[in-house]
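Please take a moment to look over the sequence and the model below before reading on. The paragraphs that follow lead from the sheet to the helices and then to some side chains.

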Amino acid sequence: MFKSLSKLLTTAVYAPIIIAQGRYVKKVTPKLPEASGERSGSVGEGQKIRLLIIGDSAAAGVGVAHQSQALAGHLVSALADSYQVDWLLLAKSGHTTLDSLKMLSAQPPQTFDIIVTSLGVNDVTGSLSPLTWITQQQDLITQLRTQFNCQQILITQVPPMGQFPALPQPLRRYLGGRSSQFNRKLAQLITSQTDCQLIDIDGELNQQDMAEDGFHPGAVIYQHWADIVAEKIHATVKIKEQ
């Protein structure tokens, strides 16, 4: 009880500072564009894999110049050595989970074998509660199953926002705590979803590997992220073949 009360009082004391810092960071942080380049295609030879990537600015490749340097480009390239990859990227800067649900609703029903998601940062920076976010994540999973007949959903955890160089203290600590809360709830949700896997971009975020805004991934992180996802996909396809 006393621990909860102390935490509540601490949050109340720092709330004005956190709000002010949030406004300042939003004002001074460079607005980087989404990566240029194709957002769909078919490459490689072999067994066909239909791949959909959805999400926010990180999924859209903000932080690098071209999609070939972003998650989609690195991932498709890694898979094309073994498979024919028919791929589609549906992502937009600023998107929350609810925004992506609305965007997907406008898409025609079709079939994807693998869907990769990147969502949560914009939910964490907003006022959404972890419980509401998890409800929306479950709605997203359900929609991906029914609308896209998906066999496997790979859900990227919220990045460790407590390590984002662009964020001053105590805002960094606050958003780091919220991102950890969201991830704990997400892990609990995925435990009961047999067709879902978590993607954890393990390791510390080095400032030199981040984009110039100190908020988005740089090329090195995108490559690392894609390697982790590709390994999961290779393992999933092998299991299906057995």
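**From the sheet outwards**

Strand 5 and strand 6 run parallel and are joined by four bridges, where two strands are said to pair if DSSP finds at least two bridges between them. Helices (H or I, at least four residues) and strands (E, at least two) are DSSP runs, numbered from the N terminus. The model is a predicted one, in which local features need pLDDT of at least 70 and side-chain atom pairs count only at pLDDT 80 or more, while totals for chains, interfaces and linings use all residues. Residues are numbered from 1 along each chain as its sequence is written, and side-chain values use heavy atoms, with hydrogens and water left out.

Within the pairing of strand 5 with strand 6, Leu154 stands opposite Gln197, and the bridge partner of Ile155 in strand 6 is Leu198. Between these strands the chain passes from strand 5 through helix 6 to strand 6, a β-α-β crossover that is right-handed; this term applies if, with the strands pointing away from the viewer, the path from the first strand over the helix to the second runs clockwise. Strand 5 also pairs with strand 4 (residues 114–118), in the parallel sense and over five bridges, and here Ile115 stands opposite Ile153.

These strands belong to an open sheet of six strands, whose order is 1-3-2-4-5-6 and whose pairing is mixed. Its edge strands are strand 1 (40–43) and strand 6, each of which pairs on one side only. Strands of a sheet pair through backbone hydrogen bonds, either parallel or antiparallel.

How many of the five residues of strand 5 are buried? Five of the five are, so strand 5 is largely enclosed by the rest of the structure, where buried means under 20% relative accessible area, exposed over 50%, and partly exposed in between (1.4 Å probe, protein chains only). Both faces of the strand are covered, with Gln152, Leu154 and Thr156 buried on one side and Ile153 and Ile155 buried on the other.

Two helices can now be placed against the strands. Helix 2 lies across strand 1, strand 2 (47–55), strand 3 (83–91) and strand 4, and it runs at about 170° to strand 3; axes are lines fitted to C-alpha atoms, for helices over the stretch in contact, and angles run from 0 to 180 degrees between N-to-C directions. Helix 6 packs on the sheet, touching strand 5 and strand 6, and its direction makes about 155° with that of strand 6. Seven of the 10 residues of helix 2 (residues 71–80) are buried, so helix 2 is largely enclosed by the rest of the structure; among the buried ones are Leu71, His74 and Leu79.

Leu189 lies in helix 6 and is buried, with a relative accessible area of 11%. Leaving aside its neighbours within four places in sequence, Leu189 is in contact (heavy atoms within 4.5 Å) with Ile134, Gln137, Gln138 and Ile141.

The structure also holds four aromatic pairs. Rings of Phe, Tyr and Trp (its six-membered ring) pair if their centres lie within 6.5 Å, and planes under 30 degrees apart count as stacked, over 60 as edge-to-face and the rest as tilted. One of the pairs is formed by Trp133 and Phe182, which is tilted, at 4.9 Å centre to centre with 35° between the planes. This pair links distant parts of the chain, since Trp133 is in helix 5 (residues 130–148) and Phe182 in helix 6 (residues 171–191), 49 residues apart.
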